[in-house]
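Here are my notes on this one, written to be read with the model open beside you. I have numbered the points for easy reply.

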Amino acid sequence: MRSHLARHILRRLLTSEASAAGLPHSFALPCPTLRVYPVRSRVARFTQRRTFIKLFQKAPRELKALEGEPGYEGLLQFRVAEADDLRLPPRTELVKAWRDFFTYKFNNGRVVNASQAFVANRLLLYMSKQDAGNADTQLSEDDLRTARDCLLRQPRGDTDIHLEMSRNIYSEITRIGADQAKDFYAFVAALSQYGEALEARDLVLDYYDRMKDKEPDVVRLRHFMPVIRGLAKEDRESELLGFVSRARKAGVEYDPALHSVMAAFFAQKDNIGETKNWFNKPISRGLPPSPTIYYVALQFALRNDEREWALNIYQDLISKLESGSLRYNKPCWDTSFQWAVLLLGKGADHIAHMIQVASERTQEKPNCQPNIGTFNGLVKIATDKDDPYLAERFIALAKKMGFEPNFKTYMLQLEYRIRAGDLDGAFSAYQSLQNAEGSTRDNELPVLNSFIRALCSAPNPVHERVLEVTSYLEQRRVTLEPETVVSICMAFLKNDETYEVIDTLSLHTMYYSVGERYMVRRAFVEYCLDKKNSTARVWDAYSLLRQFFPEVEPEDREAVMDAFFDRRRADMAAHVFGHMQSVKNPDLRPNLGTYVRFLEGIGRCPDEESLQMVHNLLKMDTSIQINTRLYNALMIGYISCDFPYRAIDFWTEITMSSEGPSYQTLEIVFRGYEVTPDGDSLANELWERIKRMEIEIPENVFMAYVTTTAAHGHLTDAKTLLVDMDSIVAGRRPDMYNLGIVYNAFPSQEMKVQFEAWAKDEYPKGWSALKAKFGTRRDEEGLVTFKLRRPWKA
């Protein structure tokens, strides 16, 4: 079972502060204890209920039980103990956990993701430090080889840790004296697969020369091929050509594998000359090209208008099939049918005739005759052509000729129906797939993932279908792609199905790498920032984000906090801030900028309780050194909450500090005087001090003083200041915004009327623009005001 304990251990792993021990920095994060009930908050939805009525209510369903990969829980326990510098589990338990985990991965063909590889690598380093006395307390060579083979399955995303662990496994096998040729081959394959083909090349050449008299040529030569694939994968053309030349001189055959790599390498680069050269080279022992390179060559020919060259290849293939040299080669027969569709444009009727001919010519060998696999190849061709009608005809033809569709057939049918947007038909194919015999392999999972995403992105998602498909995959212990988890969560959040979101996140995110987790949590952040979503749903999404992704970056938390301020929910913003303050990792706690950002939010959405809470946290926060900017922010908060005298106390603190006030400080102080009963005299006193200092006065400071003057009913003085603006603020005259905020500040409608008449006469263009752009409303005192915002900035 994917136990709750495993989730708890992973959560501790994520919250470990021992980043120096090797955890990625983003993993050294705090988090709350995992809940077993839906995550909701009282601040989001509070309703008074008569609790006795619950006696008659249906109990909410249980969350799904989680099934974990065998052994992984033990690996996580080790990593948590190591990171927290606690006593490690007994070596016997660690060895058993390693064996269970990698045996399961190997037997089921499952990929080891980056997070799992990281934890396993830490255990490997620990176990290799000292030799134990018996097999139960040390990793055997078979244990190491099983893990190594699992690592060769390509994961999604970053592979650095896979490469590092592959190196460590090979070093350990060598250290215990168990290294063989197959171990060197696997190490070279890992280097080549994970971006170190040049290092692999040097090792292979050295190995070839060093083992000349110790191993037969056939053993030494087999190490060349992984390097050739790696150099081609890394697009190292000159190194590839040089190494292939060296390999050929050493005795490596130009077999179908080498032919396929070289021809495909140049075909993908659309290098016509080199593609033809390598494809046309005779293959050793007269063997035919692989079906894969036939398809790649045909695609290359169609892209580059080389149909005549492709036609010659096709005619040569047909002649060999008919003459007898390839008569019993089923892959070549299948290739001829596919080329007839793509190159010659033949339809289902013609293909039926060709299949009949092939059946007659191979009737002596039933294993070489066309079968359902033949039709699967044709369906794949039609799918790649985006021709669902042709694909349906091939499936109908298969049934007509007596071939029953299998698991692969329905998987292909599911794929092309998804592409065609036929979700009803795709669901029918999925139901047929469930009844067919077969197992879901890794290369088929993208189709099922895309099907789930298509169901979720429909205009009106059928949630029951989504649950049916996800349950099918969960029963097979399949971890969904992060894009699919995002689609499921977003669809269920919009339908208020919080339980399903919890189940989905619980079942899959604990198996994701750092990059995959980032993809999911980023989607939740964007959901929280989307103004189209209701506040209640955004709070639910944030609660789940905090619960399942304790590593959320401070920048994203601050963005969510701002989003709640924009929704006029300062209480929720305060909770977000409080959650940041409660984390253990100091890198995720609020810094000075976070405090400023919150207090600026209070300026937009005043809330005394939230202000007091954060100010109390600031008083106890020994990591924050208060400066002028933070004092400015505190002034903003207290002025907005109608405590101007408290704000003026902070102004006194600033004037006595070594840093002193900034221009923003002056603007904020004037705005504080604007709402202070005796603020006009204080503002005049400050203004005179500023003028005596003969400093440059910015527009925001000047307009704050003018607005304060207007707010205290000094109409004549306010008009005089506006007239003299260009002499005080160099090159600036009152614009529509300046006129609007001064108008809004007057304390009586009579003054507003007088000011409007004066402004129409003195600044007709500015006043006309103000009236045209901004509407009016009546404030709580019944006075007319323009719908202008005066932003706060510390």
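1. A word on helix numbers before anything else: helices here are DSSP runs (H or I) of at least four residues, numbered from the N terminus. By that count, helix 40 covers residues 749–762. Phe755 and Trp758 both sit in helix 40, three residues apart, so about one helical turn separates them.

2. Keep in mind that this is a predicted model. The mean pLDDT of the protein chain is 86, and 90% of its residues reach 70 or more. The stretch to be wary of is residues 1–59, where the pLDDT is below 50. That stretch still has 134 contacts in the model beyond near neighbours in sequence, and I'd leave those out of the discussion.

3. Back to Phe755 and Trp758. Their ring centres are 5.5 Å apart and their planes meet at 40°, so this pair counts as tilted; the cut-offs are under 30 degrees for stacked and over 60 for edge-to-face. Phe755 is buried, at 0% relative accessible area. Trp758 also counts as buried, with a relative accessibility of 16%, because the limit is under 20%.

4. What else does Phe755 touch, leaving aside neighbours within four places in sequence? The list is Leu715, Lys719, Leu722, Leu739, Val742, Tyr743, Phe746 and Trp767. Three of those names, Tyr743, Phe746 and Trp767, turn up again in an aromatic cluster with Phe755, Trp758, Tyr763 and Phe786. The structure holds 42 aromatic pairs. One member of the cluster, Tyr743, also has a charge over its ring: the charged end of Lys752 sits 4.8 Å from the ring centre.

5. Now the nonpolar cores. The largest has 132 residues, and Phe755 is among the members that touch the most others, along with Leu414, Leu505, Phe524, Phe598 and Phe670. Another core, of 82 residues, lies apart from it and includes Phe184, Met225, Phe243 and Val252.

6. Have a look at Ser640 too. Ser640 belongs to helix 32, which covers residues 628–640. Is Ser640 buried or exposed? Its relative accessible area is 14%, so Ser640 is buried. A polar atom of the Ser640 side chain lies 2.8 Å from the backbone oxygen of Ile636. Neighbours within four places aside, Ser640 is in contact with Ile602, Gly603, Pro606 and Trp792. Ile602 is 38 residues away along the chain, yet the C-alpha atoms of Ser640 and Ile602 are separated by 7.0 Å.

7. Two aspartates deserve a check of their backbone angles. Asp642, in the loop between helix 32 and helix 33 (644–655), has a positive phi of about 65° although it is not a glycine. With a relative accessible area of 62%, Asp642 is exposed. Asp235 has a positive phi as well, about 60°, and is not a glycine either. You'll find Asp235 in the loop between helix 10 (224–233) and helix 11 (237–250). Asp235 counts as partly exposed, at 46% relative accessibility.

8. One last item, on a second charge placed over a ring. Arg646 lies over the face of Tyr638, 5.6 Å from the ring centre.

Terms used: Residues are numbered from 1 along each chain as its sequence is written. This is a predicted model: local features need pLDDT of at least 70, side-chain atom pairs count only at pLDDT 80 or more; totals for chains, interfaces and linings use all residues. Side-chain values use heavy atoms; hydrogens and water are left out. Buried means under 20% relative accessible area, exposed over 50%, partly exposed in between (1.4 Å probe, protein chains only). Contact means heavy atoms within 4.5 Å. A polar contact is a pair of N or O atoms within 3.5 Å; within protein, one must be able to donate a hydrogen and the other to accept it, and residues adjacent in sequence count only if both atoms are side-chain atoms. pLDDT is the predictor's confidence in each residue, from 0 to 100. A nonpolar core is a set of buried Ala, Val, Leu, Ile, Met, Phe, Trp, Tyr and Cys residues joined through side-chain atoms within 4.5 Å. Rings of Phe, Tyr and Trp (its six-membered ring) pair if their centres lie within 6.5 Å; planes under 30 degrees apart count as stacked, over 60 as edge-to-face and the rest as tilted. A charge sits over a ring if NZ of Lys or CZ of Arg is within 6 Å of the ring centre and within 35 degrees of the ring normal.
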